[in-house]
Amino acid sequence: MTPEPKTCRSCGRRIEWRRKWERDWDRVAYCSADCRRRGVRPHDLDLEQRIAQLVDSRPRSATICPSEVARAVAPETWRDEMEPVRRAARRMVARGELEITQRGSVVDPSTAKGPIRLRRPR
Ligand SMILES: [Zn+2]
């Protein structure tokens, strides 16, 4: 029986069980060496809070664009914040706090490509 997938603590993507982890699956917490090195920094937690504040400031029927959060954090260098914001959003999805949508439909955060929107779960 294959163990249930996990969520990477850093990027929020799904980690599928692989045979190489047979002996230490219990200890696997990150999808890659990069994610293990990066972990979750105070800035990353701040991004989660900003996402939460922004979605909660809008009507329940609305969605927000990740770039709104990025621009609020770093007006000049907001593009550098886009991937960190997406990572924060994926971690929140894994905890059931957020949904990621594309064209109005909820999508899988691990595989979604292209522009996304964020909202509270409905
Ligand atoms: Zn990861």
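# Q&A on a predicted chain

Trainee: R103 is found in a loop, but which strands does that loop lie between?
Mentor: Strands here are DSSP runs of E with at least two residues, helices are DSSP runs of H or I with at least four, and both are numbered from the N terminus. Going by those runs, the loop that holds R103 lies between β3 and β4 (105–106).

Trainee: Before we go on, what pLDDT do local features need in this predicted model?
Mentor: Side-chain values use heavy atoms, with hydrogens and water left out, and residues are numbered from 1 along each chain as its sequence is written. As this is a predicted model, side-chain atom pairs count only at pLDDT 80 or more, totals for chains, interfaces and linings use all residues, and local features need pLDDT of at least 70.

Trainee: Back to the loop, then. Is R103 buried or exposed?
Mentor: Take the cut-offs to start: buried means under 20% relative accessible area, exposed over 50%, and partly exposed in between (1.4 Å probe, protein chains only). R103 has 86% relative accessibility, so this residue counts as exposed.

Trainee: And what is its phi near?
Mentor: Most residues other than glycine have a negative phi. R103 isn't a glycine, yet its phi is positive, near 50°.

Trainee: Zooming out, in what order do the elements run from the N terminus on?
Mentor: There are 4 helices and 5 strands to place. Start at the N terminus and you read β-β-α-α-α-α-β-β-β.

Trainee: What radius of gyration does the chain have, next to a compact globule?
Mentor: The radius is taken over C-alpha atoms, and the globule rule is 2.2 Å times the number of residues to the power 0.38. Those C-alpha atoms fill a box of roughly 45 × 30 × 20 Å along the principal axes. For 122 residues a compact globule would come out near 14 Å, which agrees with the chain's 15 Å.

Trainee: Which helix gives the most to the largest nonpolar core?
Mentor: A nonpolar core is a set of buried Ala, Val, Leu, Ile, Met, Phe, Trp, Tyr and Cys residues joined through side-chain atoms within 4.5 Å. The largest one has 18 residues, and I51, L98 and L118 have the most contacts inside it. Helices α2 (42–56), α3 (66–73) and α4 (78–94) each supply at least two of its residues. With 5 residues, the top contributor is α4.

Trainee: L118 keeps coming up. Which residues does it touch?
Mentor: Contact means heavy atoms within 4.5 Å. Skipping residues up to four places away in sequence, L118 touches I51, V55, T63, I64, P66, A89, L98, E99 and I100.

Trainee: How many residues are in the other core?
Mentor: That core lies apart from the one around L118, and C8, C11, W17 and W25 are among its members. Its total is 8 residues.

Trainee: How far apart in space are R87 and C11, C-alpha to C-alpha?
Mentor: R87 lies in helix α4 and is buried, with a relative accessible area of 11%. Leaving out residues up to four places away in sequence, it touches S10, C11, C35 and R38. R87 and C11 sit 76 residues apart in sequence, but their C-alpha separation is 4.7 Å.

Trainee: R91 is an arginine too. What does R91 touch?
Mentor: R91 lies in helix α4 and counts as buried at 6% relative accessibility. Not counting residues up to four places away, its contacts are R9, S10, G12, V40, D44 and E48.

Trainee: What is the relative accessible area of T101?
Mentor: T101 has its place in strand β3 (residues 99–102). Beyond four places in sequence, it touches T63, V106, V107, P115, I116, R117 and R119. T101 is buried, and its relative accessible area is 2%.

Trainee: Which residues is H43 in contact with?
Mentor: H43 is in helix α2 and is partly exposed, at 33% relative accessible area. Leaving aside neighbours within four places in sequence, its contacts are V73 and E81.

Trainee: Last one: how far apart are the mean positions of the positive and negative charges?
Mentor: Lys and Arg count as positive and Asp and Glu as negative, with His and the chain ends not counted. Each charge is placed at NZ of Lys, CZ of Arg, CG of Asp or CD of Glu. For the 29 positive and 18 negative charges, the mean positions are separated by 2 Å.
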